[in-house]
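Student: I have a model open on my screen and would like to learn how to read it. Could you walk me through it?

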Amino acid sequence: IGQSIFYRETVDSTQKVALLLSQDKAPEGTLVVADEQTAGRGRMDRKWHSPKGTGIWMSLLLRPNIPPQKAPQLTLLAAVAVATAIEEAAGITPEIKWPNDLLVEGKKITGILTELQAESDRIHSVIIGIGMNVNQKIGDFPEELKDIATSVAMETGSEASRSKIIREFCAQFEKLYLMYLEKGFYPIKLLWESYAKGIGGRMRARTYNGVIEGRALGITDDGVLEIEGDGGKVHLI
Ligand code: BTN
């Protein structure tokens, strides 16, 4: 993981660059890192604020030999790798909020976006995009993010090394990924649950079909969240 790193000063989105590289036969573990994104994308078609020099904007290309419906497991694996990397590199422990937001005291420090290219039963590539707020100060966030976002530096009170966090992330991801390929999802699920917030409690989740509310039961072995709502159990991907 991270044996081959494509660093670019400015890109529209590292997801897009990684997709092009994947079509160009780039190997598994290729990492695209940018200093700035002009069209950073978040989940649910949202924009992702990615200003120059303060965050980690990166996309990791994987080519796992697993069925496409298991791809969500890799998002959870990535969330554990990021949480552990922040812990090791900066000494703070983020919480994971389903499915893949990392929060510190309720404020978002990292978001993850997974995109899958698959054909019938075969995965061509999985691209895991990670956006981490590292050295932003409160005044650096736009008004609408001020109350809901934080950064590593805001939490620790000192500037952090982005390259150190990226190296730590690659090491953690590689360790977890090898464990996953060898032993399956179960050990990852346990780690994920140890960082997770809100399992057992009530939660609201927004889906493409609207909002559902219920009790979060946990994650299934496929890596999807199970919620018990009024209408019965619902699985959220
Ligand atoms: C989210 O929380 O909505 C996910 C945000 C993912 C942002 C990252 S930044 C690097 C990669 N490139 C993008 O355009 N998006 C992801």
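**Reading the model, feature by feature**

Tutor: Happy to. Let us begin with a loop: Met 44 sits in the one between β2 (31–37) and β3 (55–62). Keep in mind that this is a predicted model.

Student: What is the phi of Met 44?

Tutor: Phi is a backbone angle, and its sign is what to look at here. For Met 44 phi is near 50°, a positive value in a residue other than glycine.

Student: Is Met 44 buried or exposed?

Tutor: To answer that, count neighbours: 12 or fewer other C-beta atoms within 10 Å make a residue exposed, and 20 or more make it buried. Met 44 counts as exposed because it has 9 C-beta neighbours inside 10 Å.

Student: And where does Glu 105 lie?

Tutor: Glu 105 lies in the loop between β5 (101–104) and β6 (107–119). Its phi is positive too, about 45°, although Glu 105 is not a glycine. With 10 other C-beta atoms within 10 Å, Glu 105 is exposed.

Student: Now the sheet. In what order do the seven strands come?

Tutor: Read a sheet from one edge across to the other. Here the open sheet runs β1-β2-β3-β7-β6-β5-β4, with mixed pairing. Its edge strands are β1 (5–11) and β4, each of which pairs on one side only. On average, neighbouring strands of this sheet are turned by 20° against each other, direction ignored.

Student: How many bridges join β1 to β2?

Tutor: Six, and these two strands run parallel. To find your place, look at Arg 8, whose bridge partner in β2 is Ala 34.

Student: Which strands does helix α1 lie across?

Tutor: When a helix sits on a sheet, ask which strands it crosses and at what angle. Helix α1 (residues 14–23) lies across β1, β2, β3, β6 and β7 (122–133), and it runs at about 25° to β3.

Student: Which residues of helix α5 are buried?

Tutor: With a helix, look at which way each side chain points. In α5 (residues 186–195), Ile 188, Lys 189 and Trp 192 are buried. They lie on the same side of α5 because they cover an arc of only 100° around the axis. Tyr 186, Leu 190 and Ser 194, on the other side of α5, are exposed.

Student: What do the buried residues of α5 pack against?

Tutor: They pack against α2 (72–90), β4 (95–97), α4 (162–183) and β9 (210–219).

Student: How is the chain divided into domains?

Tutor: The domain assignment gives domain 1 (5–197) and domain 2 (199–237). Their centres, taken over C-alpha atoms, are separated by 23 Å. For the interface, count residues on each side: twelve of domain 1 are in contact with ten of domain 2. On the side of domain 1 that touches domain 2, the elements giving two or more residues are α2 and α5. That side divides into seven nonpolar, two polar and three charged residues.

Student: How do β9 and β10 run, parallel or antiparallel?

Tutor: They run antiparallel, with five bridges joining β9 to β10 (residues 225–229). Ala 216 stands opposite Ile 227 in β10. The hairpin of β9 and β10 has five residues between the strands, and there Gly 223 takes a positive phi near 90°.

Student: And which residue of β11 is the bridge partner of Ile 227?

Tutor: That is Val 234. Five bridges join β10 to β11 (residues 232–236), and these strands run antiparallel. The hairpin from β10 to β11 passes through two residues.

How values were computed. Residues numbered from 1 in each chain as written. Predicted model: local features only at pLDDT ≥ 70, side-chain atom pairs only at ≥ 80, totals over all residues. Helix = DSSP H or I, 4+ residues; strand = E, 2+ residues; numbered from the N terminus. Arc of directions from axis to C-beta. Contact = placed C-beta atoms within 7 Å. Domains from an automatic or database assignment. Nonpolar A, V, L, I, M, F, W, Y, C, P; charged D, E, K, R; others polar. Pairing = 2+ DSSP bridges. Axes fitted to C-alpha atoms, helices over the stretch in contact; angles between N-to-C directions.
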